[in-house]
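Thanks for coming, everyone. I'll walk you through one structure today. Please have a look at it on the screen before I start.

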Amino acid sequence: MGKLVDGRWTTRLWSRSASGAFERSASVFREAITADGPFRPESGRYHLYVSYACPWAHRTLIARSLLGLEPHVGVTVVDPFMTDEGWHFSTRDGCDLDPHLGARFLRDVYLAADPRLTSRVTVPVLWDLKTGRIVSNESAEIVRMFDRALAPALVGGTTLTPLALQEEVDALTRRFYNRVNNGVYRCGFATSQGAYERAFAELFDELDRLDRELEGKHWLVGDQLTDADIFLFTTLLRFDPVYYLHFKCNGRHITEYANLQGLLERMLAMPEVASTVRMDHIHEHYHRSHESLNPHRILPRGPLDHLSHPMLTAHPTPVPGDAEPPRAVADTTLLDDDAIRAKLAEVPEWSRDGDHLVRELSFPDFAQAYAFVQHVAARAEVLNHHPDIELGWGRVKLAVTTHDSGGLTDLDFALARAIDAA
Ligand SMILES: N[C@@H](CCC(=O)N[C@@H](CS)C(=O)NCC(=O)O)C(=O)O
């Protein structure tokens, strides 16, 4: 797994905590959509980058779906296999190419927001097409701003967490966050027996308690579905097929908890929720991406084959990004062919930097830099070979990077020439 350090992608091994406990880093983008701005509620202005595999990103997909925000917020789904390059875009089933920045990797979206960023590159990301900034990469806060600001302005009607229940919901989700949602990761990524035992005990204490508290009730707080149910659901869903084995959470299955299993089934019975579930992405992501836990990337078979679970086959899983993607703020017509040629002529040569051919261009504003990137991405599409593109506020860095261990190939030079001839 890698991260960005001062704008550069690095995959060196990170030091472990002295106790062997898994420590999750805090999300760095923490702004919000609010009626008085600067991120105002507007249809088509915001875009979610998610993985179907990720329980945190899944929260935002469910909120978007339940609140009726699909026509207003576009979605791009990354490939479930997170490699050493981090999350990437692909055309595999259920995945999307990046429609806005033409990025190859999710890290390029982060770098477009801040070229000198130091951060992990996580999903979900709420991207603002208007300013080219990341509003937030913190799932709980994205769900809350959808519920409090975006849906009331654009849809009306449904509320996930009514104000009267907010305090209770927040206290409960805070209580089970570290013990359950993050608790499964604390079990899975512990690097000492003691840290694992502590995480394991807290996880099952909390699951026992939640199961008791759900006795005779449909929902965790009040008599309606709230954020609390969504936040618990995305962990429950992954528990038996993945966490039980892969993260060593083998105290009990969720199917052994009558009330937790009831909540899981109640949520899956809602078409708005079932349509956000891709068990194949979940299964693949965890078992293939965590090399330290499963070095040979073997996908475990059963006995619980959740890929054909009856609850899910009853609800086919359409791609929630089916809604027409919102138009980007920058329009390619902002730069015509002459302008593109003039721009390339400003820095006429590619410079060679190890295994890269590099070209850095500056622009008066983000919109023009963005339009240029779209143009180049369209050229690259024709060649089915993509340059690395770093998009900054008024800056674009193109790098043609070889994927051949023998160094730059004819294909790389052809791509550079094709961009020149754009
Ligand atoms: N605090 C974040 C956590 C998001 C998160 O950790 N996402 C994981 C996927 S499940 C990720 O993208 N990990 C990549 C990494 O840490 O490098 C949130 O709740 O939104």
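Let's begin with a question: which residues point one way from β4, and which the other way? Val 73, Val 75 and Val 77 point one way. Gly 74 and Thr 76 point the other way. Are they buried or exposed? All of them are buried. That fits the count for the strand, where five of five residues are buried, and β4 is mostly covered.

One caution before we go on. This is a predicted model. Please keep that in mind throughout.

Now, what does β4 pair with? Its partner is β3. The two strands run in the parallel sense, and five bridges join them. One pair to look for is Leu 48 with its bridge partner in β4, Val 75. How does the chain get from β3 to β4? It crosses through α1. This β-α-β crossover is right-handed.

Let's widen the view to the sheet. Four strands make it up, in the order β4-β3-β5-β6. The sheet is open, and its pairing is mixed. Which strands are at the edges? They are β4, residues 73-77, and β6, residues 133-136. Each of these pairs on one side only. Neighbouring strands here are turned against each other by 35° on average, ignoring direction.

A general reminder for newcomers. Strands in a sheet pair through backbone hydrogen bonds, in a parallel or an antiparallel way.

We have seen the parallel kind with β3 and β4. For the antiparallel kind, look at β5, residues 125-128, and β6, which pair over three bridges. There, Asp 128 has Arg 133 of β6 as its bridge partner. And what packs on this sheet? Helix α1 does, residues 55-66. The helix touches β3, residues 46-50, and also β4. The direction of α1 makes about 135° with that of β3.

Let's step back to the whole protein. There are 14 helices and 10 strands. The protein has 422 residues, and 44% of them are buried. Take the contacts with a separation of 6 or more: 71% of those come from residues 24 or more positions apart.

Next, the ligand. Which residues are around it? The list includes Met 1, Ser 27, Cys 54 and Trp 56. The run from Arg 120 through Val 121, Thr 122 and Val 123 to Pro 124 is there too. So are Asn 137, Glu 138 and Ser 139. How do the residues of this shell divide? Six are nonpolar, four are polar and two are charged.

Stay with Pro 124 for a moment. Its peptide bond from Val 123 is cis, with omega near 5°. This proline is in the loop between α2, residues 106-113, and β5. There is a cis bond between Gly 37 and Pro 38 as well, with omega about 5°. Pro 38 sits in the loop between β2, residues 8-10, and β3.

Now for helix α10, residues 279-289. How many of its 11 residues are buried? Nine are, and the helix is mostly covered. Several histidines are among the buried residues: His 281, His 283, His 285 and His 287. Met 279 and Tyr 286 are buried as well.

The loop after that helix is worth a look. Pro 300 lies there, between α10 and α11, residues 310-313. Why is Pro 300 partly exposed? Because 13 other C-beta atoms lie within 10 Å of its own. Leaving aside neighbours within four places in sequence, Pro 300 contacts Leu 245 and His 287. Pro 241 is 59 residues away from Pro 300 along the chain, yet their C-alpha atoms are separated by 9.1 Å.

Arg 297 is in that loop between α10 and α11 too. Its phi is positive, about 55°, although Arg 297 is not a glycine. Is Arg 297 buried or exposed? Exposed, because Arg 297 has 12 C-beta neighbours inside 10 Å, and 12 or fewer counts as exposed.

Finally, Asp 6. This residue lies in the loop between β1, residues 3-5, and β2. Its phi is also positive, near 50°, and Asp 6 is not a glycine either. Asp 6 is exposed, because there are 9 other C-beta atoms within 10 Å.

That's my tour. Thank you.

Note on methods
Residues are numbered from 1 along each chain as its sequence is written. This is a predicted model: local features need pLDDT of at least 70, side-chain atom pairs count only at pLDDT 80 or more; totals for chains, interfaces and linings use all residues. A residue is buried if 20 or more other C-beta atoms lie within 10 Å of its own, exposed if 12 or fewer, and partly exposed in between; C-beta atoms are placed from the backbone. A residue is near a molecule or strand if its C-beta atom, placed from the backbone, lies within 6 Å of it. Ala, Val, Leu, Ile, Met, Phe, Trp, Tyr, Cys and Pro count as nonpolar, Asp, Glu, Lys and Arg as charged, and the others, Gly among them, as polar. Two strands pair if DSSP finds at least two bridges between them. Axes are lines fitted to C-alpha atoms, for helices over the stretch in contact, and angles run from 0 to 180 degrees between N-to-C directions. Two residues are in contact if their C-beta atoms, placed from the backbone, lie within 7 Å. A crossover is right-handed if, with the strands pointing away from the viewer, the path from the first strand over the helix to the second runs clockwise.
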